[in-house]
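Biologist: Please take a close look at the first helix of this model and follow outward from there whatever adjoins it. I should like one connected account, with the cut-offs behind each term.

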Amino acid sequence: MTTKQRLNRDQMTATIAKRLQPGWLVNLGVGMPTGVPPYVEPERDIMFSSENGVIGYGAVISGEEVDPDVVNAGVEYVAINPGAAIVHHADSFALIRRGLNQVSILGAYEVASDGTFANWRVSTGPFDQLGGIGGAMDLAARAQQIWVVMEHTQRDGSPRLL
């Protein structure tokens with residue numbers, strides 16, 4: 001029996017990037033999904049959006065390039081691509097609720113055999129900024145496709161696919 005080599009996080013996000021189609025509007029959730037933009041060539045004209053109102057952003061950046069007002073869903077500083085827009089949170093959700101995202105790429109804690117998934121949790125500490133539901137319910141209900149990217153096991157080796 002041949003055992004396949006596990007993909008690391010970079011390999012998973014690079015694989016997802018290859019599957020995106022030119023011209024798509026793609027919403028990226030928190031976690032591994034935010035690692036997709038560096039693997040997408042600009043000429044493919046893929047536009048990334050975030051529920052917080054940043055539409056048309058690129059890779060995570062640091063240093064002098066940072067604009068403290070431009071972050072992705074994971075609150076990471078991101079580059080703005082030509083043609084980008086910063087819109088009100090409500091307008092961003094209007095875009096989502098109209099079903100204009102060809103795909104929403106979400107991270108998850110667990111995925112069940114019927115395709116349901118858990119991708120949010122209640123905050124566990126005073127400095128934990130990633131607690132709560134966020135926009136996942138709207139994205140799951142209205143995106144044309146949902147792709148979940150995650151490691152298949154927890155740190156202790158227990159399965160995330162249930």
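**Helix H1 and its surroundings**

Modeller: Strand E5 (103–106) and strand E8 are among the elements that cover the buried residues of helix H1. The model is a predicted one, in which local features need pLDDT of at least 70 and side-chain atom pairs count only at pLDDT 80 or more, while totals for chains, interfaces and linings use all residues. Residues are numbered from 1 along each chain as its sequence is written, and side-chain values use heavy atoms, with hydrogens and water left out.

H1 spans residues 9–19 and E8 spans 146–148. Helices (H or I, at least four residues) and strands (E, at least two) are DSSP runs numbered from the N terminus. The buried residues of H1 are Met12, Thr13, Ala14, Ile16 and Ala17; buried means under 20% relative accessible area, exposed over 50%, and partly exposed in between (1.4 Å probe, protein chains only). At the start of the helix, a side-chain oxygen of Asn8 comes within 3.0 Å of the backbone nitrogen of Asp10. This is a polar contact, a pair of N or O atoms within 3.5 Å, one able to donate a hydrogen and the other to accept it, where residues adjacent in sequence count only if both atoms are side-chain atoms.

Ala17 leads on to Arg44, as a polar atom of the Arg44 side chain lies 3.1 Å from the backbone oxygen of Ala17. Arg44 belongs to the loop between E1 and E2, and it counts as buried, with a relative accessibility of 16%. Leaving out residues up to four places away in sequence, Arg44 touches Ala17, Lys18, Leu20, Gln21, Pro22 and Gly23, contact being heavy atoms within 4.5 Å. Asp45 lies in that loop between E1 and E2 (47–49) as well. Asp45 is exposed, at a relative accessible area of 55%. Although Asp45 is not a glycine, its phi is positive, about 55°. Val75, in the loop between E3 and E4 (78–86), is another non-glycine residue with a positive phi, about 60°.

H1 also borders the second largest pocket, whose volume is about 440 Å³. Of the 16 lining residues, Leu7, Met12, Val149, Met150 and His152 are the closest to the pocket centre. On a 1 Å grid over the protein atoms alone, a pocket is an open set of points where a 1.4 Å probe fits, with protein on both sides within 12 Å along at least five of seven lines, and lining residues have an atom within 4 Å of a point. Points are joined across faces, edges and corners, and the volume is the space filled by probe spheres set on them. H1 and E8 each supply at least two lining residues, and H1 gives the largest share, four residues. By class, the lining holds nine nonpolar, three polar and four charged residues. Ala, Val, Leu, Ile, Met, Phe, Trp, Tyr, Cys and Pro count as nonpolar, Asp, Glu, Lys and Arg as charged, and the others, Gly among them, as polar.

Met12 is thus both a buried residue of H1 and one of the lining residues closest to the pocket centre. Met150, another of those closest residues, is in contact with Glu110. Glu110 lies in strand E6 (residues 110–111) and is partly exposed, at 30% relative accessibility. Leaving aside neighbours within four places in sequence, the contacts of Glu110 also include Thr116, Phe117, Gln154 and Arg160. Glu110 and Arg160 stand 50 residues apart in sequence, with their C-alpha atoms 4.5 Å apart in space.

Helix H2 (residues 89–97) offers a second view of helix burial, with Ser92, Phe93, Leu95 and Ile96 as its buried residues. Seen down the axis of H2, these fall within an arc of 150°, so they line one face of the helix; the arc is that of the directions from the helix axis to the C-beta atoms. An α-helix has 3.6 residues a turn, so residues three or four places apart point the same way. The cover of the buried residues of H2 includes E1 (25–28), E3 (54–60) and helix H3 (136–142). After H2 comes Gly99, with a positive phi near 80°.

Ser49, in strand E2, counts as buried at 2% relative accessibility. Beyond four places in sequence, Ser49 touches residues including Leu25, Val26, Val54, Tyr57 and Asn101.

As for the protein as a whole, it has three helices and eight strands, in the order α-β-β-β-β-α-β-β-β-α-β from the N terminus on. Of its 162 residues, 36% count as buried. Among contacts with a separation of 6 or more, 53% join residues 24 or more positions apart.
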